[in-house]
Amino acid sequence: MVFAYGVANLLQSVAATRTKLHTSCNPKLLVRLASHRIYVYGLGFQILGFLLAFVARKDLPLFLVQAAASAGLGVTALCGVLILRWRLPKAEVGLLALLFGGLFALVIAAKPAPAHSIGSTGVVLLLCWLAGIAVIGVFAARLHGAPGSVALGSLAGMAFSAAAVAGRPLASSHSIPEFVSSPLLYVLVGASILGQLLLGLAMQRGSTTAAVASMDAAGAIPAAVIGLLFLGDKIQPGREWVAGLGFFITLTAVIGLTRYAEPQHHHATGEANPRALTAGPRALKARALAARLVAADAARTVVARPMPAGPTRSGPQRR
């Protein structure tokens, strides 16, 4: 699952940066992304990781499965360095090491246990949760650069967190008819589509590491809390402090990655300045207008400048 999610993040980020920049939460982005073969490959890896995570949630607590999914960020960074020649600062390398350390602490603290049912009330609350994420996403899509990448990545993580909460009891279905007829299945599908859209928007606006790190941070914590309080997730007796320390380290590493991460690649445009690629529409229009005004002033100066007079000769010319 960790490897599959890491490769999926890398491939989808490359496709997202090759797609026209979207400034609204429009589902058409998924259609345009699907036209890229590399995005389809990434989606295949993500589906594989999703299926493996779904099977893991049958017995393992959500705080372990979600934290393990966040470790895919390390695979993404490693593949980016080896394949796309990314340059990760030393601070990011250290934070990635902390991320894996926190994951190890969660592994030794988790206790396998079957999930509890959440009932119809839980389904309604999950639907309200997704509706709130969609509304906030409409406004967050107007942000650009690193703030937009982090905000949209966080919302994507919350959507995937809702999918994880729905998938934990759904994985305990005893038969195929029970699985297909469960409303949790359709909540899971809707949450996954919404999360995929928000993640695509986040990857268009800045660093892949920042988008994925914020997604993992926002996705792991709500699912872990809900799992412990309502779904029957358990911690090994006497290791509660290990679980708490692991969560703290993981959260610190992920937030730190969003702080230090810099854009790795940008949309291919005619702009020479990389900062202009993450600017908003008004800023881009203002820069274009300023460039035209400068060019117009230069043209008027050339036209209005008097022609230099040639040298005058007095007296008889010499042959």
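This section describes two pockets and one buried arginine in a predicted model.

The largest pocket has a volume of about 640 Å³. Its lining comprises 31 residues, among which Tyr5, Gln46, Phe50, Phe160 and Gln196 are the closest to the centre. Several helices contribute at least two residues each to this lining, namely helix 1 (2-17), helix 2 (28-34), helix 3 (37-56), helix 4 (62-70), helix 8 (145-170), helix 10 (183-203) and helix 11 (208-230). Helix 3 provides the largest share, with 7 residues. In terms of residue class, 21 nonpolar, 8 polar and 2 charged residues make up the lining of the largest pocket.

The second largest pocket has a volume of about 240 Å³. A set of 15 residues lines the second largest pocket, and Ser117, Pro169, Glu178, Ser182 and Leu184 lie nearest its centre. Two or more lining residues are given by each of helix 7 (119-140), helix 8 and helix 10. The lining of the second largest pocket divides into 7 nonpolar, 7 polar and 1 charged residues. Helix 8 and helix 10 also supply at least two residues each to the lining of the largest pocket.

Arg57 is located in the loop that connects helix 3 and helix 4. Although Arg57 is buried, it has no salt bridge. The nearest side chain of opposite charge is that of Asp233, at a distance of 8.9 Å, whereas a salt bridge requires a separation within 4 Å. Beyond residues up to four places away in sequence, Arg57 is in contact with Leu62, Val65, Gln66, Ala164, Gly167, Arg168 and Ala171.

Terms used:
Residues are numbered from 1 along each chain as its sequence is written. This is a predicted model: local features need pLDDT of at least 70, side-chain atom pairs count only at pLDDT 80 or more; totals for chains, interfaces and linings use all residues. Side-chain values use heavy atoms; hydrogens and water are left out. On a 1 Å grid over the protein atoms alone, a cavity is a set of points where a 1.4 Å probe fits but cannot get out, and a pocket is an open set with protein on both sides within 12 Å along at least five of seven lines; lining residues have an atom within 4 Å of a point. Grid points are joined across faces, edges and corners, and a volume is the space filled by probe spheres set on the points. Helices (H or I, at least four residues) and strands (E, at least two) are DSSP runs, numbered from the N terminus. Ala, Val, Leu, Ile, Met, Phe, Trp, Tyr, Cys and Pro count as nonpolar, Asp, Glu, Lys and Arg as charged, and the others, Gly among them, as polar. Buried means under 20% relative accessible area, exposed over 50%, partly exposed in between (1.4 Å probe, protein chains only). Lys and Arg count as positive and Asp and Glu as negative; His and the chain ends are not counted. Contact means heavy atoms within 4.5 Å.
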